[in-house]
Structures are given as structure tokens and as C-alpha cells.
Amino acid sequence: MRILFVGDEAVFPVDLVELVSAMGIDWEVERCADADAAMNRIASAALDVVLVAPTLSDLPPAMLLGQLRALRPETSRIAVVDGGQTPPARIIGLAHRFLPTPLAPELLLEAIGSLEELRELLDNPELRRRIGRVEQLPSPPQLYLRLMSALENDDNASATQIATLVAGDPAIAAKVLQLCNSAYFSNGRTITDLRSAVTRLGIATLRDLVLASEVFSLPAAAGVDRAALQQRSLLAARLAKRMLPESSADLGATAALLADIGLLLPGVRDERQPLAEGDDRPGHAEAGAYLLGLWGLPMPIIEAVAFHRVPSRSSTRSFWVTGAVHTAMALAAGEEPDEAYLTRTGVIGRLPEWRELAESLTAPAMAG
């Protein structure tokens, strides 16, 4: 991993840069004080990760990030932003990930380490270049990430606290309430406020509805039926959650919700369609997984999204998140899951039960 810090010692202290250098056996770490020196370094050789400070002495960070995207689209771009602030609009479409100041060493190491894992999982330079060139790369779902951070920092967060956080984004709050009252979740009872939604559905379900509201608000690529994509994803999320033990259920639900997110990206191939001769576009599963990795989502979710079309490629040989997402997505789309895979992982006997579950969940949604 070749890592470049761009900014002065106030943002990237010497001891922090040295710590990063010491943590990875194969991590090569450098720091440039300004954008001019950074561009010379970027032009001379490829880099894996570039971190850019909130302010630079000679160039706006957004301009450096834009030049980096044009010159080295395969490089992962991390923007450091002033702590507690929403990332500036001009850099939201340019950076893959955002870290707050002051930089916490553990957060920084986790971010770089997860990008290293992502490259090992999806060792496809052409995929990285194509994703890197997308000019309007979807931004990380900010409300979802803030909600996750709040839950991680306070295990006893109340329904009122969670509702207040979601209500801070009125547009997303309205979409969440709309989903709460869909046939998948309402059980015939109207939910009129966010606190009731938290109480009735639970924090985990509300969190995924926030994620769905943000993700499916993204502009869709040409030819993509966003409404059908959302409906299929919500059904698959509920199915995957029921297929896994409680300890993994939330991971499975989130991964299924995001499994087809790659279809929203331009220049990708829908892997549900037959491969046409000469079509060298990246498949939507790996493209979506790579995007989620740039966003910083957990590796089990990334792997499940990457391999949900062909679960046998997963490094996990047991039926876990990848297997549940594969099966849930197939049943939600009216396709046949890979029975050989289900037999090998010892769960083929549960397939009739899961089919019945999918039918029972589909019926009220179709009626609604």
C-alpha cells in the first residue's frame, strides 16, 4: 500500500504519520506539505491511498482531489474534514471517504486497513479505474453513517434520540415514514412519527430504512427501474435477516438491501442479463461492492455484495452472510438459488421453508 498524506503537521503530525508507517509491513508512507508537491509525487508513480487535509496552502482541496481523480482514478481518495462538520458540497463527489479532525489514530488505521482488504478482495485494476472515473460517484450515506456512529457510541440510545437524529434530515425522514407505512412493514397500522417507527420496528430496521431512503434517492443509471430495485431489495433484506442467527441477522439484512446498488452506477453490466460478446464492462455486483468499500462499510457486507451472484467465490465456506444474501436476492427476484451451493453448505433442506417465507412476504406487498 502506497499512502500519501497531503497537508501540514497541524493535521498530519509526524508521530501519526510514523505510526501509520510502522503499522503495515508493506505500507509505504509519505507526506507532502502542499498540493504542488503532491501533484509532482502523484504524477511520478501510482499511489493506493491519498489523504488530503481540510485546507492547503496553495490550492483548494477540491481542486487537488479533482486532479487526482483525473490523473489516477484508481487511487482511493480520503478527504479530512473539520471535526463535527458536514463535508463541504464541493468535495462530496470527489472523495471516496471522509475522516474528521483531529484524526484519531485508530480511525485512520481502520480506514487504510479496510481499503487494503478491499483491494485484496477485488483485485481488479480495471474495476478500480472505471469506478474512479465516475464523475458523480454517489456520496456515502451521511445520515446512515451518523446514525451508526451514534449507536456505536451509545448502546442505550433512546427511541427519542434516534428519532431526533433522523428528523434532522426532513427529506430522508419523509421517505423513511413512507417506507414504514409500506406493506412490508406497516402490518396495517399507520406509523405517523419517527419515534413510533423506532418503537414499533426496532432500531435495526429503522437504520436500514434510513439506508434504503438515502441509497434509493441516488440518481439511477439509464434503464434502471429504481422502484422495482427498491422493492426487491427491501424484500431480500427481510428474507436474509430471517435466514441467519441473531448475531448475523443485521449484517445480512443490510447486505441484501445493498446487493444491487451497483446497478445505480453508470457504465456497469447487469449480471442478471446474459453476457453479450465483447461486453467488457464490470459486473454490477463487484462494482457495487467496491463502492461500499470506499464508503467504509464492514467487510462481510462488501464480500456478500461482491459474490451474491456466485456465492461459491466467497472465502467463507459456510452458509453465512454471502449465502443468505444470494438466496434472499434470488427468491426476491423470482430466480432459482444455487442448489449445489446450498447442498454443499448444508442448508438445502431449509429451501422450501425459505420459499414459503418469500411468498408470504410478497403477497401483502403485492396487495398493497
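1. A quick definition to start: a residue is buried under 20% relative accessible area, exposed over 50%, and partly exposed in between. With that in hand, K241, at 28% relative accessibility, counts as partly exposed. Please keep in mind that this is a predicted model.

2. The partner of K241 is D250: their side chains meet in a salt bridge, 3.5 Å from N to O. D250 is also partly exposed, at 30% relative accessibility. A search of the whole structure finds twelve salt bridges, and two others are worth a look below.

3. Towards the start of the chain, strand β1 (residues 2-6) and strand β2 (residues 28-32) run parallel and are joined by five bridges. One of the pairings is V6 with C32 in β2. Together with helix α1 (residues 14-23), the two strands make a right-handed β-α-β unit.

4. A salt bridge joins E9 and R31, with 3.3 Å between the closest N and O atoms. Because E9 sits in the loop between β1 and α1 while R31 belongs to strand β2, the pair ties together parts 22 residues apart in sequence. E9 is partly exposed at 45% relative accessibility, and R31 is partly exposed at 31%.

5. E336 and R355 form a salt bridge at 2.9 Å, N to O. This pair links distant parts of the chain, with E336 in the loop between α16 and α17 and R355 in helix α18, 19 residues apart. Salt bridges with shared partners join E336, E339 and R355 into one network.

6. Finally, the cavities: the whole structure has two of 30 Å³ or more. The second largest has a volume of about 30 Å³, and its lining includes R232, D260 and H308. That lining divides into two nonpolar, one polar and five charged residues.

Conventions. Residues numbered from 1 in each chain as written. Predicted model: local features only at pLDDT ≥ 70, side-chain atom pairs only at ≥ 80, totals over all residues. Heavy atoms only, no water. Pairing = 2+ DSSP bridges. Helix = DSSP H or I, 4+ residues; strand = E, 2+ residues; numbered from the N terminus. Right-handed = clockwise from strand over helix to strand, strands pointing away. 1 Å grid on protein atoms, 1.4 Å probe; cavity = no way out; pocket = protein on both sides within 12 Å on 5 of 7 lines; lining within 4 Å. Points joined across faces, edges and corners; volume = space filled by probe spheres on them. Nonpolar A, V, L, I, M, F, W, Y, C, P; charged D, E, K, R; others polar. Salt bridge = Lys/Arg side-chain N within 4 Å of Asp/Glu carboxyl O. Buried < 20%, exposed > 50% of the residue type's maximum accessible area, 1.4 Å probe, protein only.
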